[in-house]
Amino acid sequence: MVAHVLVFPFPAQGHLNSMLKLAELLSLSALHITFLTTDYHYHRLCLHSPTHARLSRRPGFWFRSISDGLTDQRLRSADRILELYESLTYNSSSLFRDLLISNQNQNQHQDWWPRITCLVVDGIMPFAIDVANDLGIPTIAFRTSSPCSIWTYFSLPRLIQAGEFPFPFPAEEADLDERVYAVTGMESFLRRRDLPGFFRQARDISHPFLDFVYAVTLSSTRAKAFILNSFEAMDGTVLSHIRTVCPTTYAIGPLHSMLTSMSSHVLINSQSDQVLTNSANLWQQDRSCLTWLDNQPKGSVLYVSFGSYTVITNEDLLEFWHGLVNSSQRFLWVIRSDLVNGVDKEGSPLPLLSVPPEVAEGTSKRGCVVAWAPQEEVLAHPSVGCFLTHSGWNSTLESVVAGVPMICWPFFVDQQITSRYVSEVWKIGLDMKDMHGREIVERMVRDAMEGEKAQELKRSAAAMAEKAKESITEGGSSHLNFQRLVHYLKSTDD
Ligand code: UDP
């Protein structure tokens with residue numbers, strides 16, 4: 001019998017992206033795979049993801065979906081994530097249990113959908129770990145966010161004990177520069193403002209999002225092992241701390257790079273599959289921006305994207321837009337249809353404020369705006385010189401692999417601490433955290449695109465890209481960790 005792994009991501013773009021890549025990597029390693037998602041997201045994958053179409057034709061690869069329990073489409077919007085989470089916990093967990101029970105009870109020799117021998121579930125869904133533990137199916141937790149953020153969540157009791165959390169409330173700007181010493185390994189650079197955003201919103205040790213994140217993080221210790229999308233040369237120190245609580249932690253990233261490398265190797269040997277465009281897109285990609293990039297000078301374009309979940313006010317968007325245009329740099333900008341904060345009476349996103357003529361003119365001269373870009377290809381394009389990002393973990397890793405320096409404008413969860421690591425630890429970008437106004441944006445963009453600072457960032461980013469590459473090639477740390485993971489998963493069919 002072949003070991004059969006069910007991979008179950010949280011239904012959001014960043015989670016689907018990295019977990020579908022992991023699923024494909026495991027499938028290339030001769031494991032049977034079922035990729036489980038919610039009906040709604042499955043439908044969107046079918047519409048927009050060529051990867052889904054390709055994998056659904058692959059023998060030994062199954063897609064399954066269950067309801068997320070939501071009847072109102074508005075509850076799936078970017079700013080209602082806790083409601084989606086609650087609905088999954090209360091509605092989807094029983095459907096998940098039923099699915100596993102029906103799978104486990106069928107005849108082992110039935111080959112249409114073989115018995116699942118192990119689960120890899122998104123670590124932000126503790127209910128999935130608990131259901132699997134109840135049914136006696138080994139489970140591994142996968143967290144799609146940055147290891148540094150996960151270590152700060154694990155450190156919450158130490159922060160409370162040291163009196164470093166909660167912060168004075170309401171936190172003044174100056175207070176946020178206070179240093180924090182209770183997160184082991186981060187003593188020399190961590191400030192209050194670098195801790196995930198909800199730390200500063202909490203009046204006392206209890207806060208809904210903080211409680212949620214801490215409970216979720218602890219739940220990973222109930223799994224057999226832990227998977228993180230990172231690599232030892234970049235996150236070795238933090239990984240060693242995480243291993244004090246999750247001893248079997250496999251750091252197997254950057255996953256997208258590992259998949260490109262492994263699939264090209266398999267293709268040379270088998271020619272049986274088409275070349276990959278590895279993406280679990282939930283939106284239609286606008287590929288015209290690649291043609292636009294073809295016509296720009298090398299390294300001249302700032303790529304701007306705030307990921308799939310960030311929302312922003314119309315005022316902040318316009319202020320930022322002014323700064324971007326005033327910087328006089330070329331830019332490619334992803335403005336999602338639901339980027340602007342707020343909905344009208346019908347639940348449709350608010351229309352953008354009208355753009356002043358000088359901003360519109362600067363944009364048409366030097367800019368290209370799309371609703372969704374083929375991001376990995378954009379970052380690999382020679383015309384791109386810098387990435388202005390919200391510091392989502394997938395985006396950060398994609399920039400690292402492409403050797404593109406970053407300007408970080410973090411919004412929430414792991415983004416605040418990731419941006420600190422980008423600027424202070426890895427020194428591959430600038431941190432624009434908590435800074436507002438068109439002058440700041442203009443200065444940051446200029447600093448990252450031209451002059452000595454820009455050259456320095458470019459050199460560090462190229463060095464980090466080289467380390468990422470080493471980690472996924474044969475004998476590299478992520479490559480070895482991945483082999484250990486596959487070895488464990490294969491042993492679950494005994
Ligand atoms: N992405 C994309 N096209 C876009 C914007 C984003 O393909 O126009 C992808 C990006 O490559 C990344 C994911 O969406 O893999 C965003 O994940 P991330 O963790 O960076 O941020 P999140 O969306 O979870 O905040």
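# Close-up views of the model

**View 1. Proline 166 sits in the loop between helix H7 (156-161) and helix H8 (198-201).** The model shown here, and in every view that follows, is predicted. Look at the bond leading into this proline: the peptide bond from phenylalanine 165 to proline 166 is cis, with omega near 5°. Most peptide bonds are trans, and most residues other than glycine have a negative phi. The next view turns to further departures from those habits.

**View 2. Another cis proline and a positive phi.** Glycine 253 and proline 254 are joined by a cis peptide bond, with omega at about -5°. Proline 254 belongs to the loop between strand E7 (249-251) and helix H11 (255-270). Serine 328 is not a glycine, yet its phi is positive, at about 65°. You will find serine 328 in the loop that links helix H13 (314-326) and strand E9 (330-334).

**View 3. The whole chain, for orientation.** The protein chain contains 20 helices and 13 strands. Its C-alpha atoms fill a box of roughly 70 × 55 × 55 Å along the principal axes. How does the radius of gyration of the protein chain agree with that of a compact globule? For 494 residues a compact globule would have a radius of gyration near 23 Å, and the chain has 22 Å, which agrees.

**View 4. An open sheet of 7 strands, paired in parallel.** Reading across the sheet, the order is E3-E2-E1-E4-E5-E6-E7. Strand E3 (61-66) and strand E7 are the edge strands, each of them pairing on one side only. From one strand to the next, the twist averages 20°. Zooming in on one pairing, strand E1 (residues 4-8) and strand E4 (residues 118-122) run parallel and are joined by 4 bridges. Within this pairing, valine 7 has valine 120 of E4 as its bridge partner.

**View 5. Helices H1 and H2 against the 7-stranded sheet.** Helix H1 packs on this sheet, where it touches E1, strand E2 (32-38), E3, E4 and strand E5 (139-143). The direction of H1 makes about 165° with that of E2. Helix H2 (residues 39-48) lies across E2 and E3, and its course runs at about 110° to E2.

**View 6. An open sheet of 6 strands, also with parallel pairing.** Here the strands come in the order E10-E9-E8-E11-E12-E13. Strand E10 (367-370) and strand E13 (429-431) stand at the edges with a single partner strand each, so one side of each has no neighbour in the sheet. Neighbouring strands of this sheet are turned against each other by 15° on average, direction ignored. Strand E8 (residues 301-305) pairs with strand E11 (residues 384-389) in the parallel sense, over 5 bridges. In this pairing, leucine 302 has cysteine 386 of E11 as its bridge partner. Helix H16 packs on the sheet and touches E8, E11 and strand E12 (406-408). The direction of H16 makes about 165° with that of E11.

**View 7. The shell around the ligand.** Which residues are closest to the ligand? Of the 18 residues that surround the ligand, the closest are Gly14, Gly307, Gln375, Gly392 and Ser395. Helix H1 (13-28), helix H15 (375-379) and helix H16 (393-402) are the elements that give two or more residues to this shell. H16 gives the most, with 4 residues. Sorted by class, the shell has 5 nonpolar, 11 polar and 2 charged residues. Two of these helices should look familiar: H1 packs on the sheet of View 4, and H16 packs on that of View 6.

**View 8. Helix H6 crossing helix H9.** Two packed helices are described by the angle between their axes and the distance between the axes. For helix H6 (residues 147-154) and helix H9 (residues 208-219), the axes come within 9 Å and cross at roughly 100°. This crossing makes H6 roughly perpendicular to H9. What residues make the contact? H6 brings Ile150, Tyr153 and Phe154, while H9 brings Val213, Tyr214 and Thr217. By class, this contact has 5 nonpolar residues, 1 polar residue and no charged residues.

Conventions
Residues numbered from 1 in each chain as written. Predicted model: local features only at pLDDT ≥ 70, side-chain atom pairs only at ≥ 80, totals over all residues. Near = placed C-beta within 6 Å. Nonpolar A, V, L, I, M, F, W, Y, C, P; charged D, E, K, R; others polar. Axes fitted to C-alpha atoms, helices over the stretch in contact; angles between N-to-C directions. Parallel < 35°, antiparallel > 145°, perpendicular 65-115°, else oblique. Contact = placed C-beta atoms within 7 Å. Pairing = 2+ DSSP bridges. Rg over C-alpha atoms; globule rule 2.2 N^0.38 Å.
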